[in-house]
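Please open the model in a viewer and keep the selection panel at hand. The stops below follow the contacts between protein and DNA.

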2 protein chains.
Amino acid sequence: MLTERQEEIINKSIEIIATQGIQRLTIKNLSKEIGISEPAIYRHFESKTDILLAILQNFQEVSLYMEKAVRDIKGSVIGKIEFIFSKIIEIFSQEPSHISVIFSEEIFKNEVVLKEKIVEIMSSKQQFIENLIVEGQRNSEIRDDIDYKTLALIVVGALRFIVKQWDLKNQHNNLIEEGKELIEGLKLILTT
Amino acid sequence: MLTERQEEIINKSIEIIATQGIQRLTIKNLSKEIGISEPAIYRHFESKTDILLAILQNFQEVSLYMEKAVRDIKGSVIGKIEFIFSKIIEIFSQEPSHISVIFSEEIFKNEVVLKEKIVEIMSSKQQFIENLIVEGQRNSEIRDDIDYKTLALIVVGALRFIVKQWDLKNQHNNLIEEGKELIEGLKLILTT
DNA sequence: TTTAAGTTAGTGAATATTCACTATATTTGC
DNA sequence: GCAAATATAGTGAATATTCACTAACTTAAA
């Protein structure tokens, strides 16, 4: 369990990553924004790596929670995929700060423990989609002339790419609108 | 035109980014690996940003060259897409160092001039695919029940994702093999 | 003789982290 | 019930290290 201060630290960290980039997430910057001294940070986290790890942990929890919600949905597999798709886009659209963190993989690559966490989160998300697709192929909802792994890769890849582009282009266009168009296309692709 | 030394500097830089991550691309590190002193670097590039810009410029040229090659191909649009797809995977597979650079967008985000270059490269690549798809839709090679932009997004997104995963997972599995499977899937998706 | 390309030896600023110390609660022993 | 002991959360100052970059000098070639 996280203390109030720990929550504050990781929330501020996410905010800094989003608005100023992960490069500017320094202990100095962080402490200043919270309004405490630099050493005070170390009363709550052992190291900067620990802070980043807590951020990733936080994402994992949100992710797992969402998967649980999807599992409880009654209905078609396509409906489930559509739900999770739009949910993710909704989250990113409302809290763009999360995007920067998710796409900071390249920076996390240095720290082995962080990189492993990233891979873990990504793999689990992909496997979840894979399982849905296998289910859909079994009950003939989804085409089975293409391997389930390939289909999952296409779905997740498209999702990542649309979010990434939106982020890079300063969030100019309407992500939710474009997301809807994409999911409609993906539905056609999966079923025909 | 780049001098020999300038070429050496950007090649070493790419190598460092690939093997040690962009964080470790420092002037000190770079000069040591080349075997000259730190200030000597500044005889060839005005700043570190200039070095990174030259790297991106280099990528852009390779990219444009490839697009030119594709344009000269006689044959179906699907064949062209397949060619460019396998070519990209081949390049990344042979020179994994390039992947890290391409995916370092998040780090380039800080420097405005670098970010703009990245967006420029990404946009042009996507537009190239979009044009191919439009052409394919016109001559009934490619399905037209889905918008060309959406189809391009799916193709590029899938390509990016497969490469990214391969990179994150320490290049364990066979990228070329998996790439072939993906392109076969994409061909089915585009045509049916 | 000029100039390009190198050198040594520095710069200030930034980095994560540690130090010794303090004010304020909270818990414990009598 | 209350003093003593301890825990919590903070402080300013300092640590070693790294960063991009610069000033001034040297060398070698055209």
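Begin by selecting R43(B) together with DNA strand D in this predicted model. An N or O atom in the side chain of R43(B) is 3.3 Å from a base nitrogen of that strand.

Next, select Y42(B), where an N or O atom of the side chain is 2.9 Å from a phosphate oxygen of DNA strand D. Move then to S37(A): here a backbone N or O atom lies 2.4 Å from a phosphate oxygen of DNA strand D.

Now display the whole surroundings of DNA strand D, which comprise 16 residues. The closest are R5(A), S37(A), R43(A), H44(A) and K48(B). Sugar or phosphate accounts for 49% of the strand's atoms within 4 Å of the protein, and bases supply the rest. Colouring this surface by class shows 7 nonpolar, 4 polar and 5 charged residues. Select α3 of chain A and α3 of chain B as well; each supplies at least two residues of the surface near DNA strand D.

Turn to DNA strand C, which has 16 residues around it. Those that come nearest are Y42(A), R5(B), S37(B), R43(B) and H44(B). Of the atoms of DNA strand C within 4 Å of the protein, 48% belong to sugar and phosphate.

Three side chains merit selection here, each with a phosphate oxygen of DNA strand C:

- R5(B): a polar side-chain atom lies 2.5 Å away from the phosphate oxygen.
- S37(B): the distance from a polar side-chain atom is 2.6 Å.
- K48(A): an N or O atom of the side chain is 2.9 Å away.

Finally, highlight α3 (38-41) of chain A and α3 (38-41) of chain B, the elements that give two or more residues to the surface near DNA strand C. By class, that surface divides into 7 nonpolar, 4 polar and 5 charged residues.

Note on methods
Residues numbered from 1 in each chain as written. Chains lettered and ligands numbered in written order. Predicted model: local features only at pLDDT ≥ 70, side-chain atom pairs only at ≥ 80, totals over all residues. Heavy atoms only, no water. Near = heavy atom within 4 Å. Polar contact = N/O pair within 3.5 Å; in protein donor to acceptor, adjacent residues only side chain to side chain. Helix = DSSP H or I, 4+ residues; strand = E, 2+ residues; numbered from the N terminus. Nonpolar A, V, L, I, M, F, W, Y, C, P; charged D, E, K, R; others polar.
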